Amino acid sequence: NRQIQLVSRPQGEPTADNFRLVEAAVPALSEGQVLVRNHFLSLDPYMRGRMNDGKSYAQPQPLNEVMLGGTVGEVVESRNEHFKVGDKVVGMGGWQEYQLVDASQRGVLQKVDTTHVPLSAYLGAVGMPGVTAWYGLVKIINPKAGETVVVSAASGAVGSVVGQLAKARGARAVGIAGGADKCRYVVEELGFDACIDYKEHRDMKSLSAALKAACPDGIDGYFENVGGIILDAVLLRANAFSRVAMCGMISGYNGEPIPMAAPQLILVNRMKVEGFIVSEHMEVWPEALKELGTMVATGKLKFRESVAEGIAAAPEAFLGLLKGKNFGKQLVKLV
Ligand code: NDP
């Protein structure tokens, strides 16, 4: 069972040296336990926060232990009456090939149906990132038909779902993403109304002019994934009584300061700004997953994946995710 452990904490940008590949024995099962062969590992920005020791919304990752992470896989041995060999499951298997689970604890392992939804999608559009998009859009922004919703990191796992859900509710969806390829995909494949390449607009003046052109009626809802100058530019174009779902601020995850140029605009525009952590809203997961699963199964919700091959490739793929090298949901394929 090959695993990736965290061996040191990064100062600023993490490096491959913070991780170690180890070979561990596949443990024997006791009563109530299930052995899962992980097929895909999910790499997510929150993992950067867990690499630190300090206070964050996520608990620190212990050193010299397997990195925590979401996985999908297949039951290969079972001593639990609720799971049989061949069941497809989603869980928190970690950065490793096999996972031994005490499946008698409710909820640690969920069976999933792969008839109409591919297994890997349960880590993306029909998993935690999808529910994140759903919560911020539906519960915080709650767009009316005809309103304009802007989302940053628009081609990514969360952002891609935000825009498509907004469109499904009759809103206008405008993405912000890094690079012409990502922007083309967001408009042509995902069906957003427009997408702004922030790498082409590096200063406030240029970015806010691009936003003005893409959002002629102003901005009613903003789904924030990035922070910094992008947030400043959006606030300048925000309408009265607009809503901001504060989901992530990836531009500051390595400790960079993220100053706000004009917080008074929140007051001037009478805005509602709400942060949230998706795992604290388990009550919405069934409703959200139902809508997301149906949309994927019927081809109404599209997604894209960046897939690294093999557990040894996980650290590099994770470092790439923090720099925007991924294009869509970042996964590691383990079999
Ligand atoms: P993505 O698939 O969107 O990948 C991350 C993307 O962020 C990159 O592809 C890149 O896109 C962009 N990015 C990286 N660094 C920077 C930077 N310095 N400046 C601007 N953009 C950058 O990841 P997810 O969809 O999984 O996550 C998106 C956001 O949602 C993150 O902030 C994450 O922390 C947050 N999140 C929050 C949750 C919650 O409960 N609150 C739950 C899940 C996710 P590009 O090339 O376009 O710049």
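Leu190 sits in the loop that links α4 to β10 (194-197). The model here is a predicted one, so keep that in mind as you look around. Is Leu190 buried or exposed? With 22 other C-beta atoms within 10 Å, Leu190 counts as buried, because the cut-off for that label is 20 or more. Setting aside neighbours within four places in sequence, its contacts are Ser160, Gly163, Gln164, Tyr185 and Lys302. Among these, Ser160, Gly163 and Gln164 are also buried residues of α3, and that helix is a good place to go next.

**Helix α3**

Helix α3 covers residues 157-168, twelve in all. At 1.5 Å a residue it should span 16 Å, and its end C-alpha atoms turn out to be 17 Å apart, which agrees. Ten of those twelve residues are buried, so the rest of the structure largely encloses the helix. The buried ones are Ala157, Val158, Gly159, Ser160, Val161, Val162, Gly163, Gln164, Leu165 and Ala166.

What do they pack against? The partners are two helices, α2 (128-141) and α4 (180-188), along with the strands β8 (148-152), β9 (172-177), β11 (219-224) and β15 (329-333). Just past the end of α3, Gly170 takes a positive phi of about 80°.

Ala166 belongs to α3, and it makes a handy comparison with Leu190. It is buried, with 27 other C-beta atoms within 10 Å. Beyond its neighbours within four places in sequence, Ala166 is in contact with Leu137, Pro143, Val149, Ala171 and Ala173.

Both residues have a partner some way off along the chain, as the table shows.

| Pair | Apart in sequence | C-alpha to C-alpha |
|---|---|---|
| Leu190 and Arg304 | 114 residues | 9.8 Å |
| Ala166 and Leu137 | 29 residues | 7.2 Å |

**The nonpolar core**

Leu137 turns up again in the largest nonpolar core, which has 93 residues. The residues with the most contacts inside this core are Leu137, Val150, Val162, Phe223, Val234, Ala314 and Val332. Helix α2 gives the most to it, with seven residues. The core also draws at least three residues from each of domain 1 (2-124 + 304-333) and domain 2 (128-279).

Take Val332 as one of those well-connected residues. Not counting residues up to four places away in sequence, Val332 touches Phe40, Leu41, Leu43, Ala308, Ile311, Ala313, Ala314 and Ala317.

**Two domains and a ligand**

So how is the protein divided? It splits into domain 1 (2-124 + 304-333) and domain 2 (128-279). Their C-alpha centres lie 29 Å apart. Where the domains touch, 14 residues come from domain 1 and 16 residues from domain 2. On the domain 1 side of that contact there are four nonpolar, six polar and four charged residues.

Then there's the ligand, with 28 residues around it. Which of them are the closest? Those are Gly156, Val158, Gly178, Gly248 and Gly324. The elements giving two or more residues to this shell are α2 and α3, and α3 gives the most, with three residues. By class, the shell has 15 nonpolar, ten polar and three charged residues. Each of the two domains, domain 1 and domain 2, supplies at least three residues to the shell.

Back at α3, then: this helix is largely enclosed, because ten of its twelve residues are buried, and it is also the element that gives the most to the shell around the ligand.

Note on methods: Residues numbered from 1 in each chain as written. Predicted model: local features only at pLDDT ≥ 70, side-chain atom pairs only at ≥ 80, totals over all residues. Helix = DSSP H or I, 4+ residues; strand = E, 2+ residues; numbered from the N terminus. Expected span 1.5 Å × (residues − 1). Contact = placed C-beta atoms within 7 Å. Domains from an automatic or database assignment. Nonpolar A, V, L, I, M, F, W, Y, C, P; charged D, E, K, R; others polar. Near = placed C-beta within 6 Å. Core = buried A, V, L, I, M, F, W, Y, C linked by C-beta atoms within 7 Å.
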